[in-house]
Amino acid sequence: MPTSISSPACLPVVVFLITGASKGLGRAIATVASRYYAQQQKQQPTLRHNTYINSSYSSLSSSSSCLSSTKQARFVLVARSSKGLQETKNEILSTSTIAEAEEVEANKKAALSVDSNSTITFPIMNTLMSSTTTTLTTTANEDDVICRTMDLSDLDRLDDNIDILVDDVDRLVYGCDNNGDDQNQRHDMDVDVVFVNNAGSLGHLGPTISSPSLMDMRQTIDLNITSSLWLSVRFAQYVKQQQQEQKRRPRKIINISNATIVNISSLLAISDDILSMGIYSTGKAARERYHTIIGKEEIKRIKKKDDESYNNSNNNIIIREEEEGQNNKNNSNTAAIKTLNYAPGPLETDMAKEIRKKADELDVDLKPHFQKKLLDSYDSAMKLIRVIDKNEFDSGSHIDFYDLP
Ligand SMILES: NC(=O)c1ccc[n+]([C@@H]2O[C@H](COP(=O)([O-])OP(=O)(O)OC[C@H]3O[C@@H](n4cnc5c(N)ncnc54)[C@H](OP(=O)(O)O)[C@@H]3O)[C@@H](O)[C@H]2O)c1
């Protein structure tokens, strides 16, 4: 019956780890991602439905292919405020509900516009429609959103905290293995992982040499540089470890096919024309450089690997799978971790409010920029999610909100 067509077990999964998700841009990215992928699922039944009605019923019931262009989003959300995180989680869950309602509505409309020459009778189609509406709706539920309250500037506890986050990501990545209809049947599952390295703070505002104390400077650098860089390193190491394990266990059915680290950057990372935000700019510049280098090192590693395998094949060297201990044909085993530095534009968030409060400290040329209404975080988040999903950006590059359509 058609129910097997739309088994949620087949849906590829995308797992987001988002720091600074209790408010502002982090919350917007989480909510928009949830909405975006739910929306994709919503559109899919209609597409599939139009295909169904042009095919025979027997081909419907025999089909068991997975939906290729939809993904189910899952989240690990991190910040200090548990209240803020819970609100973000509620937003994610409620956007899923909206998408579900729209999905049901779209399916009803599709059912009404069925061609009268269709070979499918209405009773059969009704069954089909009800099955697609119920089984394709695999938007986020309670268990798909994990909230972690932690202070990422506490470097003494950072490694232990990252252990917790990595375990959470792992649970969401491999959790998709548990839904399988038939555990004996191998059906490869692609999982994307995205780390949005977003948490940040302003630090001292005003002339750089009026920096108040060593402690103040250190706290700002701890969060905005050291913690941020180390989070990306540990995330990358987690991905690599999973890829190595796949090498040792070639029959594993879950593949981390795409791994992306998004460093939330700023125009200030690449411009030295904006004054009186010295420590903030320095943090953004350091993060930008580090993530660019991670991206470039990965590109070089893959290129070297490709060159080696090209040379090997030219020399007719047959590499036996047993020797390699892996399935060499599986690209995901060698997939590069991609990095992206995304400058979200000037946003109307608490950070902007904080800047306004200290307007008197700001450089005279900078002050007017914060006196007008700034961008909506959700618009910026939407552009970012599209870039991530398309996955056509150059790894290590800097993309600004204003560069995007
Ligand atoms: N706003 C802008 O105009 C703008 C422009 C360009 C780039 N950005 C960048 O965008 C990112 C988000 O900024 P935003 O405007 O959304 O700022 P925001 O509203 O102040 O949010 C900052 C987020 O970081 C979290 N955070 C701060 N310190 C933390 C800590 N020690 N441990 C864990 N989490 C911490 C906050 O959560 P808790 O307080 O709950 O911990 C909050 O979720 C930042 O990297 C910022 O530099 C912002």
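The following exchange examines how the descriptive terms apply to this predicted model.

Guide: Local features in this predicted model require pLDDT of at least 70 and side-chain atom pairs count only at pLDDT 80 or more, whereas totals for chains, interfaces and linings use all residues. Residues are numbered from 1 along each chain as its sequence is written.

Visitor: Why is Pro-207 called exposed?

Guide: A residue is exposed if 12 or fewer other C-beta atoms lie within 10 Å of its own, buried if 20 or more do, and partly exposed in between, with C-beta atoms placed from the backbone. Pro-207 has 12 C-beta neighbours inside 10 Å and therefore counts as exposed.

Visitor: Where is Pro-207 placed?

Guide: Pro-207 is in the loop between β4 (189-197) and α6 (214-248); helices (H or I, at least four residues) and strands (E, at least two) are DSSP runs, numbered from the N terminus. The C-alpha atoms of Pro-207 and Leu-362 are separated by 8.0 Å, although these positions lie 155 residues apart along the chain count.

Visitor: What makes a set of residues a nonpolar core?

Guide: The set must consist of buried Ala, Val, Leu, Ile, Met, Phe, Trp, Tyr and Cys residues joined through C-beta atoms within 7 Å. The largest such core has 63 residues, and Phe-16, Ile-18, Ile-29, Phe-75, Leu-77 and Val-262 have the most contacts inside it. Helix α1 (residues 24-53) gives the most to this core, with nine residues. A second, separate core of six residues includes Leu-362 and Met-277.

Visitor: How do you know which strands are at the edges of the sheet?

Guide: Two strands pair if DSSP finds at least two bridges between them. Seven strands form an open sheet with parallel pairing, in the order β3-β2-β1-β4-β5-β6-β7. In it, β3 (145-149) and β7 (397-400) each pair on one side only, and these are the edge strands.

Visitor: What makes β2 and β3 a pair?

Guide: Five bridges join β2 (residues 72-79) to β3, against the required at least two; one bridge links Ala-79 to Thr-149 in β3.

Visitor: Which residues come nearest to the ligand?

Guide: A residue is near a molecule if its C-beta atom, placed from the backbone, lies within 6 Å of it. Of the 28 residues around the ligand, Gly-20, Gly-24, Arg-80, Ser-81 and Gly-200 come nearest. Helices α1 and α9 (350-357) each supply at least two residues of this shell.
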